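Me: I should like to study this protein model through a series of questions. Please reason briefly each time and finish with the value or name requested.

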Amino acid sequence: LDLMTLLQRSLCNDNQIRLHELSSEGNRIPVDVDEAKMLQVALDAKNWSLKAQKWIPTAHDSKRGKLCDLRGHLEKVSSLRERLPLSDSEKKSWSPDGEKELEKIVAAADSWFEKYHAYFEGDNRRGNEGTDCLSVHDLRAIVEESDAIYANIGNAASKISKILTQAESWYRSNVDLLKRCGVVPEFHRVHGHGPAVEIS
């Protein structure tokens, strides 16, 4: 594992071209050489990390990747680990740069879906039995949580964001009339609470 760490550091010091040549030379030897195997994995892990960095918010020029792409990229790490000529415990302790950051993003998305899945399932149109309703305040909190996840988490987030926009627009357009009718007290508007909104 120390050798793997050393190889990864060497790749960060502009030695990649020479190490690629060294790997090619090692692969031509008709004998299993652990060091050559580790060098090839280190090179592949470097390429893996370069792609992962594009989806990590702290990296330069990063962007939100699709959640399915992040999952697929993380699955490739298992293949890299299996190719390491190390013990099982050493394989588990090894991690390419960017893996933990991507895992945190995916875990945050999974937690968001698990927390709010009831609002995304079934037929939630108005009038259906068992329809779940939210206030604009609660809906906004859900959208803010999804926006904080550095990934494109798909249609569910887009749909609920669209519903929030529609609800807030309707509320702003009609709040004066609702107040005159005594339907919406002043404090609802001040503190961000609004009418119940149905997820459809």
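Me: Does Phe113 count as buried, partly exposed or exposed, and what is its relative accessibility?
Reply: The model is a predicted one. A residue is buried under 20% relative accessible area and exposed over 50%, with partly exposed in between. Phe113 therefore counts as partly exposed, its relative accessibility being 24%.

Me: How are the rings of Trp112 and Phe113 arranged, edge-to-face or stacked?
Reply: A pair of aromatic rings is described by the distance of the centres and the angle of the planes. For Trp112 and Phe113 the centres are 5.2 Å apart and the planes stand at 80°. Planes over 60 degrees apart count as edge-to-face. The pair of Trp112 and Phe113 is therefore edge-to-face.

Me: How many aromatic pairs does the whole structure hold, and which residues form the aromatic cluster?
Reply: A search of the whole structure gives two aromatic pairs. One is that of Trp112 and Phe113. In the pair of Trp112 and Tyr116, the ring centres are 6.0 Å apart and the planes are at 65°, so this pair is edge-to-face. The one cluster they form consists of Trp112, Phe113 and Tyr116.

Me: Where do Trp112 and Tyr116 lie, and are they buried or exposed?
Reply: Trp112 has a relative accessibility of 2%, so it counts as buried. Tyr116, with a relative accessible area of 9%, is buried. The two are four residues apart, about one turn of the helix, and both lie in helix H6.

Me: What distance should helix H6 span at 1.5 Å a residue, and what is the distance between its end C-alpha atoms?
Reply: Helix H6 comprises 18 residues, from 99 to 116. At 1.5 Å a residue these should span 26 Å. The end C-alpha atoms agree with this expectation, as they are 26 Å apart.

Me: Within what arc do the buried residues of H6 fall?
Reply: The buried residues of H6 are Glu99, Leu102, Ile105, Val106, Ala109, Trp112 and Tyr116. They line one face of the helix, because down the axis of H6 they fall within an arc of 160°.

Me: Which helices are included in what covers the buried residues of H6, and which exposed residues does the face turned away carry?
Reply: The cover over the buried residues includes helices H3, H4, H7 and H8. The face of H6 turned away from the buried side carries exposed residues, namely Lys100, Lys104, Glu114 and Lys115.

Me: Which residues have the most contacts inside the largest nonpolar core?
Reply: In soluble globular proteins, nonpolar side chains tend to be buried together. The largest nonpolar core here has 37 residues, and H3, H4, H6, H7 and H8 each supply at least two of them. The residues with the most contacts inside this core are Leu102, Trp112 and Ile153.

Me: Which residues does Ile153 touch, not counting residues up to four places away in sequence?
Reply: Residues up to four places away in sequence are not counted here. Two of the aromatic cluster, Trp112 and Phe113, are among those that Ile153 touches. The complete list for Ile153 is Leu67, Ala109, Trp112, Phe113 and Ser146.

Me: In which helix is His73 found, and which residues is it in contact with beyond four places in sequence?
Reply: His73 is found in helix H4. With a relative accessible area of 4%, His73 is buried. Leaving aside neighbours within four places in sequence, the contacts of His73 are Trp48, Lys51, Ala52, Trp55 and Leu102.

Me: On which side of H7 do its buried residues lie, and which residues are exposed on the other side?
Reply: In H7, the buried residues are Val136, Leu139, Ile142, Val143 and Ser146. They cover an arc of only 120° around the axis, which puts them on the same side of H7. Exposed on the other side are Glu144 and Ala148.

Me: At which residue does H8 bend, and by about how many degrees?
Reply: H8 has 26 residues and reaches 37 Å from its first C-alpha to its last, close to the 38 Å expected at 1.5 Å a residue. Its buried residues include Tyr171 and Val175. The bend of H8 lies at Asn174 and is about 55°.

Definitions and conventions:
Residues numbered from 1 in each chain as written. Predicted model: local features only at pLDDT ≥ 70, side-chain atom pairs only at ≥ 80, totals over all residues. Heavy atoms only, no water. Expected span 1.5 Å × (residues − 1). Buried < 20%, exposed > 50% of the residue type's maximum accessible area, 1.4 Å probe, protein only. Arc of directions from axis to C-beta. Contact = heavy atoms within 4.5 Å. Phe/Tyr/Trp six-rings, centres within 6.5 Å; stacked < 30°, edge-to-face > 60°. Bend = angle between axes of the 7 residues up to and from the residue. Core = buried A, V, L, I, M, F, W, Y, C linked by side-chain atoms within 4.5 Å.
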